[in-house]
Amino acid sequence: MAAQRAGRRGQEMADDEAHTPLQAILLADSFTQRFRPITMERPKVLLPLVGVPMIDYTLEWLASAGIEEVFVFCCAHAKQVTSYLKTSRWKSQPNFKLTCIQSDDCVSAGDALRSIDQRNVVLCSSKVLGDFVLVSGDTVSNMPLKEVIQEHKARRTKDKLAVMTMVVKRCKPSPLTHQTRLGNEELVLAIDPATKQLLHYGAPNKQRQSILLDKNLLAGRQGVRLHLDMQDCHIDICSPEVLMLFTDNFDYQQMRRDFVRGLLSDEIMGNKVYTYEIFEDYATRIDNFRAYDVVSKDVLHRWTYPIVPEVSFSDSQATVNLDRCNKYREQGATVSRNALIGENTFLGQGTTIGSHSKIKNSVIGRGCKIGENVVVEGSYIWDNVTIADNVQVIQSIICDGVLVKAGARLEPGVVLSFKVTIGENFTVPQYSKISRVPEPTEQDSSDEELEYADSTGDDSGGRIYISANKVQVGQDGAGYRWFKDAVHDEEWKQSAAAISGEKIKELMAKQEQEEDDIQDVDVIPEEKLLSDEEESVDEDDNFEKEVEENFKRAVNGVKLENVVLEVNSLKLGYNKAFSDCAGAMFRAMLNLALETPHSTAAELLSTTKQVISKWSTLFRNFLKSEDDQIEVLLKFEELCLESASEFSPLFSKVVEELYDKDLVSEEAVMSWASEKAGAEEADKVFLRQCESFIKWLNEAEEEESEED
Amino acid sequence: MVAAAMPDLQAAVDDFVIKLKRRQVEGSLATAKSTVLLLRQVVSHQRIPSSGPASSLIDAVKSVGSRLIAANSMELAVGNMVRRVLHIIREEEATIVAAQVGVTPVSDSDDDADVDGVPGLSAVALAAANRTALRAPSLHNLLESLPTSAGANVEPVPESDTKSRSSDKNSKSWKLKHGVIDAIGLLLGEIENYHSEISEQALEHIHQNEVILTLGRSRSLLHFFREAKKKRSFQVFVAEGAPRYQGHKFAKELAAMELQTTVITDSAVFALISRVNMVIVGAHAVMANGGIVAPVGMHMVALAARRHAVPFVVLTGLHKLCPLYPHNPSVVLNELKSPSQVLDFGEMSDCLDGTDGSPVHVVNPMFDYVPPELISLFITDSGGHNPSYVYRLVAEIYSPEDH
């Protein structure tokens with residue numbers, strides 16, 4: 001009977017999917033350093049999230065969503081990851097196959113995918129991937145995958161170029177949300193509402209408060225929907241071509257910044273990316289401490305159901321009880337009668353909590369000892385941590401084996417890495433990160449490789465670092481403070497600490513300011529943003545940059561003739577006129593003047609004059625006609641308005657200088673003035689500045705004619 | 001023990017455990033059915049030793065059963081089915097021992113004497129006869145029969161064990177196994193047919209031009225209404241059953257049957273209950289005291305019905321009947337689901353962290369417990385029963401050792 005059953009099941013499977021197993025590639029490394037210093041000693045995917053390593057969340061989700069084969073790509077601390085997976089229950093799970101791929105030389109997601117592609121070819125044909133799900137090992141989700149994969153496959157059969165489907169989820173449409181929740185930047189997506197094709201992916205331009213779109217996007221479409229309210233879940237359904245694309249374009253490093261934008265801007269190949277929106281389901285990625293905090297809370301709040309603590313999905317055997325107000329307690333956690341356990345808490349097995357301690361909104365792992373009168377709020381304490389009496393821990397992350405001595409205080413945003421000791425009555429300042437491993441210095445070339453060295457667990461125990469610097473960790477403490485990131489301005493955005501009221505107000509003010517602009521964008525994207533000029537902005541930029549490069553070469557001593565030749569060939573290459581060359585060259589000259597240190601406007605003027613006189617011979621090569629000279633003036637005006645605003649008070653002076661050096665003729669200035677006379681009032685600022693000069697020119701002309 | 005011997009079976013058990021854990025098995029009917037199928041596999045794979053055949057079977061079923069129950073303590077149907085199967089094994093054993101030793105089985109009916117007199121009768125028939133015998137009379141008899149079987153099990157094996165004896169033994173264990181598998185088959189049939197058994201009683205309960213109120217969706221109720229619709233015309237109010245809104249789907253199904261259907265919000269139940277003649281609902285589980293575990297919102301409906309003296313009728317199969325009491329702390333009576341059913345994550349995402357003020361809490365329980373005093377009648381596949389009679393049903397279909 002059993003055999004019959006098995007046979008039937010086999011048949012069903014064959015009927016269902018004609019059967020290529022659903023596969024996933026899980027990158028067990030995020031290729032960033034945001035979780036440092038913790039990730040110096042343990043890979044990010046093994047860091048516990050509410051008592052369970054992150055990778056278990058991802059694998060559980062993949063397995064329950066019907067994925068049958070997962071390739072785990074390990075990079076940093078590869079040995080730790082593989083040895084963890086070997087002993088885990090994933091190896092013995094029915095209908096679920098786990099393969100670890102190790103690599104030591106990958107520094108980005110792009111490298112990882114290229115390496116998978118190569119192995120794929122090298123190893124054996126049976127391993128060839130079909131469509132696969134590409135996720136990172138820090139994804140927490142409960143979304144079903146069958147539907148999105150089917151949608152992807154259906155699209156693929158119709159259109160071979162639909163190589164990827166991205167999962168997105170709506171979140172509150174404000175820059176505030178992105179930052180407070182996940183610590184990420186805002187994201188603007190342009191999506192074709194009819195086909196769900198992704199047309200644009202990127203952050204809005206902060207300075208100009210606008211979004212640049214290629215007007216070709218509108219061709220043949222009923223409309224384009226711009227989204228500021230989408231969160232990228234970092235779950236991608238990819239076709240095998242994606243791997244090939246990575247191999248072909250060996251400079252692609254990151255999935256989003258390089259690959260997606262590369263595909264979107266590449267019109268020759270015509271590969272397309274589509275989106276899939278999820279509504280009720282949860283999906284997100286933990287890529288910094290803030291996201292860690294937020295996702296932990298979401299798990300405690302059960303948004304990730306059925307992947308929640310009391311449904312045991314990892315190896316731990318302890319049963320978890322759930323009380324009112326999301327209080328989770330594993331069997332074997334001992335809490336003193338007088339201790340106060342508040343809402344949204346998780347207490348692990350073997351943890352003891354002393355009397356009169358207050359725990360709230362926090363996760364405390366297994367085997368921890370919390371003393372008396374301790375306050376723990378909004379913090380994440382991992383396993384075997386000892387916290388002595390009268391300690392305050394607020395919005396901090398404390399790793400395994402840490403010892404916090406009596407009376408110490410951890411201020412918001414503190415991260416204590418493995419086995420750090422904090423001395424008695426010591427106050428750890430905001431946002432400080434303390435580790436037993438000293439911070440690698442800037443010059444240290446092995447910086448990248450440190451994570452790849454196999455630091456076996458007790459290695460750090462072997463060489464004990466006792467910091468001589470008591471200022472950093474207090475009397476009889478042990479550990480080094482890391483400063484590299486602490487000075488980083490945006491620290492508050494990505495730490496686990498709640499964002500202070502001031503910062504929020506600041507953001508709100510900014511947001512209100514921006515709101516109008518956003519509306520503008522929604523209403524008139526085509527006319528305002530999609531003019532020809534904007535379209536070729538990129539190209540212009542490139543051209544100007546290259547001209548500037550050449551100019552610098554001239555400064556550095558390359559012969560003038562050669563530079564002229566180079567620029568001429570650029571002119572041909574970019575299909576530009578002499579006037580463009582002249583404009584670009586002038587810009588380069590101004591930049592040179594700007595770069596030389598100056599304190600007052602007068603000083604700047606004098607350096608500018610020097611530069612102009614020195615390079616006038618070179619410059620003259622491009623000023624063939626009056627038109628070119630007018631172009632230079634227009635360019636100068638434009639520059640003064642935008643990048644080189646320091647020149648705006650000096651506008652007329654510089655124009656005079658150009659006239660004196662005979663670079664700009666009288667006629668050119670006059671025709672520029674007459675051209676501008678008809679312009680809007682706002683545009684006349686510089687014209688007015690030059691009024692006296694123009695007047696003087698006029699008079700000189702008259703005098704000349706009288707003389708005749 | 002079982003697992004080591006049978007890798008195939010082990011895989012099947014693991015598979016089901018994982019499915020239960022991931023909450024991928026929905027509804028008590030599906031759960032009960034797969035549990036019974038799995039247990040039948042366990043029984044048929046179990047190699048029965050010549051000494052103590054029944055106890056080895058019981059151990060095997062218990063070891064698998066405890067894993068299944070731990071996987072999802074909220075699916076009470078799993079535990080029910082494990083206990084039913086254990087009860088079946090005990091019964092079979094009692095029958096066989098009785099037949100072998102020649103002691104009259106616990107019954108005073110005349111048939112049983114005949115059964116004993118005919119040695120060629122198949123074990124199945126014997127078992128069937130015995131089962132009816134066990135079920136019929138009283139709790140007292142039921143309890144009395146078991147100790148004798150336990151004692152008899154060891155006693156009748158004589159010291160003079162010969163080859164012929166052992167082969168006889170084998171045939172005995174074979175008989176037991178066969179009997180158990182057969183009885184499990186009957187149980188399966190019972191589970192599969194309970195809809196039709198229940199709906200046969202529809203005409204007795206629903207009368208012409210009545211107004212009936214229900215909450216959420218129930219498959220047995222759908223069959224019940226379909227049967228009633230053949231002879232009667234009546235009207236149904238469906239409370240939508242937030243936050244899962246299964247009432248919407250149910251209303252569609254009813255409308256497709258050409259029933260006059262009205263959807264109302266859960267909060268409108270009290271306003272409309274005065275116009276209603278009867279409330280009929282399905283349940284997730286029936287507890288031993290006659291209370292029910294049902295989709296959230298049911299307690300409110302029951303209270304409204306009591307306030308207006310409207311009969312509150314519960315349709316349930318016997319597989320939902322659970323021998324546990326709701327005050328037992330080991331019985332978790334609720335499951336908290338994702339808040340996404342209640343609130344839109346996108347809209348809420350800024351007030352979940354408590355950056356301004358304290359964060360919003362969302363609680364989304366799946367079930368309500370309705371106490372027995374609010375329930376007027378149970379309609380089961382074995383007929384209509386009062387809540388106060390439920391303990392009796394429990395005693396009939398489960399062995400007290402397994403509670």
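Among the contacts in chain A with a separation of 6 or more, what share comes from residues 24 or more positions apart? In this predicted model, such residues account for 61% of those contacts. Chain A has 708 residues, of which 52% count as buried, and its secondary structure comprises 24 helices and 35 strands. The points below take up the chain as a whole, then one helix, the nonpolar cores and one small sheet.

**Surface of chain A**
- The area that chain A exposes is about 32,200 Å², and carbon and sulfur atoms supply 48% of that area.

**Helix H2 of chain A**
- Helix H2 of chain A spans residues 54–64 and is mostly covered, with 10 of its 11 residues buried.
- The buried residues of H2(A) include nonpolar side chains such as Met54(A), Ile55(A), Leu59(A), Trp61(A) and Leu62(A), but Asp56(A), Thr58(A) and Glu60(A) are also among them.
- After H2(A) comes Gly66(A), a residue whose phi is positive, near 95°.

**Nonpolar cores**
- The largest nonpolar core holds 65 residues, and the members that touch the most other members are Leu49(A), Val70(A), Val72(A) and Leu145(A).
- H2(A) gives the most to this core, contributing 7 residues.
- At least three residues of this core come from each of two domains of chain A, namely domain 1 (2–187 + 228–291) and domain 2 (326–493).
- Apart from this core lies another one, of 62 residues, which has Val13(B), Leu176(B), Leu221(B) and Ala251(B) among its members.
- When its neighbours within four places in sequence are left aside, Leu145(A) is in contact with Trp61(A) and Leu62(A), and also with Ala65(A), Ile67(A), Val133(A) and Ile237(A); of these partners, Trp61(A) and Leu62(A) are buried residues of H2(A).

**A three-stranded sheet**
- An open sheet of 3 strands in chain A follows the order S10-S9-S11, and its pairing is antiparallel.
- Its edge strands, each pairing on one side only, are S10 (198–202) and S11 (225–227) of chain A.
- From one strand to the next, the twist averages 15°.
- Strand S9 (residues 188–191) of chain A is joined to S10(A) by 4 bridges, and the two strands run antiparallel.
- Within this pairing, Ile191(A) has Leu198(A) in S10(A) as its bridge partner.

How values were computed:
Residues are numbered from 1 along each chain as its sequence is written. Chains are lettered from A and ligands numbered from 1 in the order in which they are written. This is a predicted model: local features need pLDDT of at least 70, side-chain atom pairs count only at pLDDT 80 or more; totals for chains, interfaces and linings use all residues. Side-chain values use heavy atoms; hydrogens and water are left out. Two strands pair if DSSP finds at least two bridges between them. Axes are lines fitted to C-alpha atoms, for helices over the stretch in contact, and angles run from 0 to 180 degrees between N-to-C directions. Buried means under 20% relative accessible area, exposed over 50%, partly exposed in between (1.4 Å probe, protein chains only). A nonpolar core is a set of buried Ala, Val, Leu, Ile, Met, Phe, Trp, Tyr and Cys residues joined through side-chain atoms within 4.5 Å. Domain bounds come from an automatic or database domain assignment. Contact means heavy atoms within 4.5 Å. Accessible areas come from the Shrake-Rupley method with a 1.4 Å probe; for residues, only the protein chains shown count as cover.
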